[in-house]
Structures are given as C-alpha cells and as structure tokens.
Amino acid sequence: IDNALTSCPPRMVYQFHQGQDIQPYTENTCTIPKEIGILRNLEVLDLVSNNLNGTIPKEIGSLRNLEVLDLVSNNLNGTIPKEIGTLRNLMGLHLSSNNLTGELPQEIENLKSLIRLFVRNNTLGGPIPSTLFRLTNLEVLYLGFNQFNGTIPREIGHLKNLTYLFIKVNKLTGAIRSTLGQLTSLLQLDLSSNQLHSSIPLEIGNLSALEELDLSDNKIHGIIPDELTKLSQLKNLNLSSNLLSGQIPSAIGKLFNLKYLDLSKNKLGGSIPTEIGNCSELKNLTLNHNSLDGTIRPEMGEILLLQNLDLSHNNLSGTITKTLCPMHSDMSFNRLEGEIPSNLRDNPPKSFAGNTGLCGHVEGFPSCSQSQKHPPSIILFVKIFLPLILVLAFIILGFILLLKRQNKTLKLNSRAAKNGDVFSVWNYGGKIVYEDLINATEDFHIKFCIGTGGYGSVYKAELPDGKVVALKKLLLGKYAL
C-alpha cells in the first residue's frame with residue numbers, strides 16, 4: 001500500500017504569476033490503489049488534499065469496519081461506486097470538492113449508521129434519490145454545488161435528526177416541501193440558487209431551532225408569511241432575488257436575534273415597518289431593488305449595531321433621519337430630499353445618487369441654504385395646497401356645468417310642452433293655449449280676422465310650433481269668449 005501511494009509518477013505543472021517568470025513545480029498524480037481493499041480492519045481513511053486522480057476503486061467496499069471515509073479536495077473523477085453501500089458501519093462519508101459525476105447510488109440507503117454526508121462541489125446530477133431519506137440517523141447533509149435536478153422528495157421530512165441541510169446551487173425545481181417543517185432539529189437550511197417556484201410554506205414556522213435560512217436566488221413568489229417571524233432563534237434570513245410581493249410583515253420585529261436580513265431584489269411594496277427597530281442585533285440590512293415607499297423611519301436609528309444599510313432603488317421619500325448611526329449605507333435612486341446627515345458623509349457620493357432633492361457637504365450635491373432647510377410658504381403652498389385647490393376647482397366647475405345642463409334640459413322640456421299639440425294642452429287648464437292664442441292674434445286684432453258670423457268673428461292664428469289654426473270669438477250677450 002505504501003509503495004502504491006508513494007511511487008506515483010510526478011507531473012510537471014507550469015504556473016504563471018503576473019509580472020514574474022513562469023514557475024514550474026511538480027504535482028502528485030497518484031490514484032487510490034485497488035490494494036486498499038485488503039485493510040479489512042481500517043476504521044478511518046483520510047486522504048484529504050492529496051491531488052489524487054482517477055476513480056474511487058470499488059474495492060473500497062471491502063473495508064467493512066470503516067467508520068470515516070474522507071477523500072475531500074482531490075481530483076477524483078468517475079462515479080461513486082455502488083459498493084460503498086456495503087460499509088454498514090460508516091458514519092462519515094466526505095467526498096466534497098472532486099470531479100465526481102453520475103448520480104448518488106441507490107445503495108447508499110444501506111448506510112444506516114451514516115451521520116454526515118458531504119458530496120458538495122462535484123458535478124453529480126439526476127434527481128435526489130428518495131432512498132437517501134431512509135438514513136434517519138443523518139445529522140448533516142451537504143449536496144450543494146452540483147447538478148441535482150427534479151423536485152425535493154417529500155420523504156425529506158423523515159430526517160428528524162437533521163441539523164444542517166445544504167442543497168444550494170443545483171437545478172431543483174417545484175415546491176419547497178411542507179414536510180421540511182418536520183425537521184424541528186434543523187439549525188441551518190440553505191436551498192439557495194435553484195429554480196424553486198412555490199410560495200414559502202407556512203410549516204416552515206415550525207423550525208423553532210433554526211438559526212440560518214437561505215432561500216435566495218429562486219423564483220419563490222407570494223408574500224412573506226407571518227409564520228416565518230416565529231423563528232425566534234433566527235440569526236440570518238436571506239430571501240433575496242425572488243418574486244416576493246406584498247409588504248414586509250410588521251412581526252419582523254419579533255426576530256430579536258437577527259443579525260443579517262436580506263430581502264433585496266424582490267417586488268416588495270409598502271413602507272419599512274417601524275417594528276424593525278426592535279431587531280437590536282441587526283448588523284446588515286439589505287432592502288434594495290424593491291418598490292418600498294414611505295420614509296426612512298427614525299426607529300431605524302435604534303439599531304445601534306447596524307453596519308451596512310442598503311435601501312437603494314426604491315421609492316422612499318422625505319428626509320434621511322438623523323438618528324442613523326455612522327455606517328456604510330446606500331440610499332441611491334429614491335426620492336429623498338433635504339440635508340444628508342453629517343454622520344453619513346463618509347459614504348461615497350454614489351451612495352446618494354439619483355435623489356435630486358438631497359443637499360449637503362457631499363461632492364456633487366449643492367449646499368443646503370437656509371431656505372432649503374426651511375422651505376418658504378410659497379413652496380409649501382405649491383406642494384401641498386395648490387393640488388387641493390385645483391381638485392376643488394374642478395369639482396366646482398363640474399357642478400356648475402351640471403346645473404347648466406339640467407337647467408337647459410328643463411327649458412327644452414318646458415318649451416316642448418308649450419309648443420306641443422294644441423289639443424293636448426287643455427290638460428293644463430288651457431293656460432298655455434290661451435296665452436299663445438292671444439299672442440298669435442295680437443289680442444284678436446282686426447288684421448287677423450278672416451270672417452264674421454252670427455255668433456262672432458273668425459280669426460287666423462299661427463302658433464309657436466308652426467301650426468295654423470282658425471278660432472272663433474263667440475259673442476254671448478255682452479261677453480266675448
């Protein structure tokens with residue numbers, strides 16, 4: 001075995017450093033010898049960082065007493081041999097940072113004693129086998145930086161002893177399984193940089209021991225559920241680069257142990273909740289590239305440990321509160337106005353770019369005159385009262401036009417009634433007809449008389465609607481009708 005590991009032919013490698021000559025050096029090109037299988041009593045095999053090449057020999061399955069197999073940080077390639085499934089006493093399988101391909105072998109389900117499985121940073125692919133989740137003693141599972149696809153198996157909820165679950169940077173799709181809520185021992189959960197496209201399951205609020213949650217860089221939609229704020233032990237929450245909408249829940253203030261909060265690059269709206277000031281342990285707050293509005297609340301000044309604040313690319317307005325502690329901040333591309341607080345002036349000018357209303361002793365911004373600090377009444381009038389007056393004027397104008405239209409309609413209706421059929425107006429007591437007849441004959445002037453009979457004279461009358469009628473003025477005794 002010793003000869004097999006030490007008599008490997010060296011390989012010359014040429015390394016170039018900028019501004020220096022090419023520096024050659026030799027590199028080990030050893031492989032794991034098949035003879036490794038004769039070490040039947042071996043309990044720990046540690047070959048970390050030895051530049052080993054080639055494949056993992058199937059003879060490794062003969063090491064029936066092996067408890068730890070550590071081949072991390074080599075150049076091993078090929079697939080994981082199915083013979084590994086014979087290592088029934090194995091508690092730690094560490095294969096990270098190699099060039100392994102293929103899928104996880106189904107035989108891995110036989111490793112009932114397995115506590116730690118590390119295969120991160122390879123090119124393993126295919127779906128995550130559901131048989132993996134029969135290993136109920138697993139406490140640590142690292143599958144990140146591979147090419148696993150398909151969905152997260154429902155059976156993941158069987159790993160009740162799991163404390164660390166990392167499946168970041170893969171090609172997983174589908175939903176975040178609600179069965180994850182059964183992993184109540186979980187301390188860290190990282191599903192970032194996949195293609196998960198469901199909403200955040202409410203059952204995630206059951207992970208009462210969780211300290212770190214990273215769901216960033218997926219296609220998660222919907223709102224941030226209040227159940228998420230039940231995770232009182234949470235120190236790191238990253239939901240950035242998703243499609244989350246709605247408002248930041250005010251219950252976020254219940255996360256008293258939170259140190260890092262990243263909700264950037266989503267579709268969140270509304271104002272920043274004042275309750276965020278209760279997160280007194282917060283060091284990094286990143287809310288950039290959303291649609292947040294309202295003002296920067298003075299309660300944010302109560303976060304005394306805050307070191308990094310990014311509110312850029314939102315719709316925040318008003319002034320920058322002077323209660324903020326000195327820190328690295330980015331408030332660019334909002335609608336902020338007023339003086340840049342003196343305790344933030346050490347930030348580069350680009351941190352305040354895109355806010356045309358800001359002023360102060362920062363390069364590229366005008367100085368704040370007394371009038372800018374205290375806007376005159378005419379500016380207040382233009383900004384506040386003028387829009388109200390214009391709205392009121394439009395209402396009054398519309399009311400006047402409406403009254404005129406109604407008045408015109410009434411006149412037209414009255415005229416139509418007055419000029420209507422002469423024989424229908426008797427229903428109104430004959431008043432309109434009598435007045436029209438008097439006007440049309442100029443009080444029965446002789447020039448309108450067209451004939452005389454035994455009981456009176458006949459007159460010609462043209463009514464306002466153009467109708468021509470003949471009427472007779474009756475003589476009854478000394479009265480004319």
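This is a guided tour of a predicted model, to be followed selection by selection in a viewer.

**The aromatic cluster**

Begin by selecting Phe 118, Tyr 142 and Phe 166, whose rings are linked by ring pairs into a cluster. A search of the whole structure finds three aromatic pairs. In one of them, the ring centres of Tyr 142 and Phe 166 lie 4.4 Å apart with the planes at 20 degrees, so this pair is stacked. Colouring by secondary structure shows Tyr 142 in strand β10 and Phe 166 in strand β12 (residues 164-166), so the stacked pair ties together parts that are 24 residues apart in sequence. Phe 166 itself is buried, with a relative accessibility of 12%.

**The nonpolar cores**

Keep Phe 166 on screen and add Leu 141, which touches Phe 166 and also, among others, Leu 117, Leu 132, Phe 133 and Leu 159. The contacts of Leu 141 further include Leu 162, Tyr 164 and Leu 165, with residues up to four places away in sequence left out of the count. Leu 141 belongs to the largest nonpolar core, which has 96 residues. To display the residues with the most contacts inside this core, select Leu 93, Leu 132, Leu 141, Leu 165 and Leu 189. A second core, separate from that one, consists of eight residues, and Ile 438, Ala 440, Ala 461 and Leu 471 are included in it.

**A salt bridge between two loops**

Next select Arg 134 and Glu 109, whose side chains form a salt bridge with an N to O distance of 2.5 Å. Arg 134 sits in the loop between β9 (125-127) and β10 (140-142), while Glu 109 sits in the loop between β7 (99-100) and β8 (116-118), so the bridge ties together parts that are 25 residues apart in sequence. Arg 134 is partly exposed, its relative accessible area being 46%.

The structure holds five salt bridges, and another one to display is that between the side chains of Arg 297 and Glu 299, at 3.6 Å from N to O. Both ends can be coloured by accessibility: Arg 297 is partly exposed at 30%, and Glu 299 is partly exposed at 23%.

**The parallel sheet**

Move on to the open sheet of three strands, which has the order β23-β25-β26 and parallel pairing. Its edge strands, each pairing on one side only, are β23 (317-318) and β26. Between β25 and β26, which run parallel, there are three bridges. For a residue-level view of the pairing, select Glu 337 together with its bridge partner in β26, Gly 357.

**Around Ile 340**

From the sheet, go to Ile 340, which is placed in the loop between β25 and β26. Is this residue buried or exposed? Ile 340 is buried, with a relative accessible area of 0%. When its neighbours within four places in sequence are set aside, Ile 340 is in contact with Arg 345, Phe 352, Leu 358, Cys 359, Val 362 and Phe 365. Drawing a distance from the C-alpha atom of Ile 340 to that of Thr 319 gives 8.2 Å, although the two residues are 21 residues apart along the chain.

One of the contacts of Ile 340, Arg 345, can be extended to Glu 339, with which Arg 345 forms a salt bridge whose closest N and O atoms are 3.2 Å apart. Both partners are partly exposed, Glu 339 at 24% relative accessibility and Arg 345 at 26%.

Two further contacts of Ile 340 are Phe 352 and Phe 365. Which residues of this neighbourhood are buried at 0% and at 18%? Phe 352 is buried with a relative accessibility of 0%, and Phe 365 is buried with a relative accessible area of 18%. Their rings form an edge-to-face aromatic pair, 6.5 Å from centre to centre and with 85 degrees between the planes. Phe 352 lies in the loop between β25 (335-339) and β26 (357-359), and Phe 365 in the loop between β26 and α2 (370-373), so the pair ties together parts that are 13 residues apart in sequence.

**An annotated position**

Finish at Lys 472, which UniProt lists for "binding site" in an unreviewed entry. Lys 472 is placed in strand β29 (residues 468-476), and with a relative accessibility of 40% Lys 472 counts as partly exposed.

Key: Residues are numbered from 1 along each chain as its sequence is written. This is a predicted model: local features need pLDDT of at least 70, side-chain atom pairs count only at pLDDT 80 or more; totals for chains, interfaces and linings use all residues. Side-chain values use heavy atoms; hydrogens and water are left out. A salt bridge is a side-chain nitrogen of Lys or Arg within 4 Å of a carboxyl oxygen of Asp or Glu. Helices (H or I, at least four residues) and strands (E, at least two) are DSSP runs, numbered from the N terminus. Buried means under 20% relative accessible area, exposed over 50%, partly exposed in between (1.4 Å probe, protein chains only). Rings of Phe, Tyr and Trp (its six-membered ring) pair if their centres lie within 6.5 Å; planes under 30 degrees apart count as stacked, over 60 as edge-to-face and the rest as tilted. A nonpolar core is a set of buried Ala, Val, Leu, Ile, Met, Phe, Trp, Tyr and Cys residues joined through side-chain atoms within 4.5 Å. Contact means heavy atoms within 4.5 Å. UniProt positions are given in the numbering used here, feature names are shortened, and annotations may be inferred rather than shown by experiment. Two strands pair if DSSP finds at least two bridges between them.
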